[in-house]
2 protein chains.
Amino acid sequence: MARANVSALRKSALIAATVDQIGKTGSLEVTVSQIARKAGVSSALAHHYFGSKEQLFLAAMRAVLSEFGNEVRAERSGLVAPRDRVDAIVRTCFSPTNFQPEVVAAWLNFYVLAQTSDQAHRLLRVYQRRLHSNLLAELRPLAGPDAVQVAQTVAALIDGFYIRQALRNESLDATASIGLVTGYLDAILCTTTHHREAQRA
Amino acid sequence: MARANVSALRKSALIAATVDQIGKTGSLEVTVSQIARKAGVSSALAHHYFGSKEQLFLAAMRAVLSEFGNEVRAERSGLVAPRDRVDAIVRTCFSPTNFQPEVVAAWLNFYVLAQTSDQAHRLLRVYQRRLHSNLLAELRPLAGPDAVQVAQTVAALIDGFYIRQALRNESLDATASIGLVTGYLDAILCTTTHHREAQRA
DNA sequence: ATATTTATTGATTGACGAGTCAATTAAAAG
DNA sequence: CTTTTAATTGACTCGTCAATCAATAAATAT
């Protein structure tokens, strides 16, 4: 059983340390040395593996994004009712791993990074599109012609609650956020919701 | 008619330049020299008047916040129906001045600044509280016991659309954003909305 | 064993930028 | 006028940090 690539270990340690450090300090103004120290290696090694600070940031972003994607897929699997699948997506957004203050703070900073880095911008777009089309697929049968707008609204809502979490708005935790998003959905899909309630009764 | 304080002129020029520069570059990593150059003065003068880069940033934030507050007040004045007043607030959020890409980008960066600066954090909180209580005052008669949640949702929605604007999501301009927020309100206040429609008919 | 590639670092470089300061100019006061 | 006070700057300091590099250690291959 050959011991796995050391390089892969180091890389992922550095990536994790990057997210963590950005999240903890709430800023992109973290030094490569800080990150490397947290990962238990020298800053030179970080440069060796990633080439530049920006590339390290991008790798960290990719990691967060793909982790999020995986969770969505996992949470949604098995569910077949469109509304349940939408709720699964929403729940995932506010799951303990994704809605951790550090991760949310990192997200916020990735948004900022996207303002200056084309690659970051592209990554974020990919994520947004994917979220949007995921939502849309489930909302089509629920909201018909309004589906696009509902999907846009849900996506914006989620980002809005993320910002609040980043600012540590005590009054809005994950549960409350989920409640407000589903509350919106209940209201906007009132016809369909009534159907659901009828079915349950 | 004594010519106004030179110092006030310089200060406001520097503040405007700060917002502009942060907005244009989409980052807090702007140099005092860049800002000063844009304002037509030396960087030493910026330090002379503001003491530090952070204080300059905070002054810029205060300016944006208070400009926003003034606009809200102006736009809302004269309207008496709660729903109209809510709509006025929403409209102001997406008014040409406030929803300019540069200003929105500056906002986003102020959110980031609030992660590392207590003063910035406090400023943002004041703004958030004020917006919330403004919304709440109007929503109480419209949504009764749900008013708090509706206000929180509206506030989050607005922030969500701001993020989208910061990312230059072509598909969502000011008009579309206003439409989606009011769409939400129409749906959530459906009882009241029906009353309104009935009144109009 | 030896050669070759990979992992790893300490030390260094070079740039950049916030903040200071002493000096200069302009305005205000007396 | 002269003196005091405010406005303004260029030049400088000092720290920080990304990125490089040469050197060493460890692993892999031959």
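Leu139(B) touches residues well beyond its own stretch of chain in this predicted model. Leaving aside neighbours within four places in sequence, its contacts are Val86(B), Gly144(B), Ala147(B), Val150(B), Ala151(B), Leu185(B) and Leu189(B). Leu139(B) and Leu139(A) are the residues with the most contacts inside the largest nonpolar core. Two further topics follow: the surface near DNA strand C, and a backbone feature at Arg168 in chains A and B.

**Nonpolar core**

- The largest nonpolar core holds 137 residues.
- In soluble globular proteins, nonpolar side chains tend to be buried together.

**Surface near DNA strand C**

- There are 16 residues around DNA strand C.
- Those that come nearest are Arg10(A), Ser42(A), Ala44(A), Thr31(B) and Lys53(B).
- By class, the residues of this surface are eight nonpolar, six polar and two charged.
- Three helices each supply at least two residues: α1 (6-25) of chain A, α3 (43-50) of chain A and α3 (43-50) of chain B.
- Of these, α3(A) gives the most, with four residues.

**Contacts with the strand**

- Sugar or phosphate accounts for 71% of the atoms of DNA strand C within 4 Å of the protein. Bases make up the rest.
- Ser42(A), one of the nearest residues, places a polar backbone atom 2.9 Å from a phosphate oxygen of DNA strand C.
- Val32(B) also uses its backbone: a polar atom there is 3.1 Å from a phosphate oxygen of the strand.
- Tyr49(A) uses its side chain, with a polar atom 3.2 Å from a phosphate oxygen of DNA strand C.

**Positive phi at Arg168**

- Most residues other than glycine have a negative phi.
- Arg168(A) has a positive phi of about 55 degrees, although it is not a glycine.
- Arg168(A) is found in the loop between α8 (147-166) and α9 (174-188) of chain A.
- Arg168(A) counts as partly exposed because its relative accessibility is 45%, between the 20% and 50% cut-offs.
- In chain B, the phi of Arg168(B) is likewise positive, near 55 degrees.
- Arg168(B) lies in the loop between α8 (147-166) and α9 (174-188) of chain B.
- The relative accessible area of Arg168(B) is 46%, so this residue is partly exposed too.

Note on methods: Residues are numbered from 1 along each chain as its sequence is written. Chains are lettered from A and ligands numbered from 1 in the order in which they are written. This is a predicted model: local features need pLDDT of at least 70, side-chain atom pairs count only at pLDDT 80 or more; totals for chains, interfaces and linings use all residues. Side-chain values use heavy atoms; hydrogens and water are left out. Buried means under 20% relative accessible area, exposed over 50%, partly exposed in between (1.4 Å probe, protein chains only). A residue is near a molecule or strand if one of its heavy atoms lies within 4 Å of it. A polar contact is a pair of N or O atoms within 3.5 Å; within protein, one must be able to donate a hydrogen and the other to accept it, and residues adjacent in sequence count only if both atoms are side-chain atoms. Ala, Val, Leu, Ile, Met, Phe, Trp, Tyr, Cys and Pro count as nonpolar, Asp, Glu, Lys and Arg as charged, and the others, Gly among them, as polar. A nonpolar core is a set of buried Ala, Val, Leu, Ile, Met, Phe, Trp, Tyr and Cys residues joined through side-chain atoms within 4.5 Å. Contact means heavy atoms within 4.5 Å.
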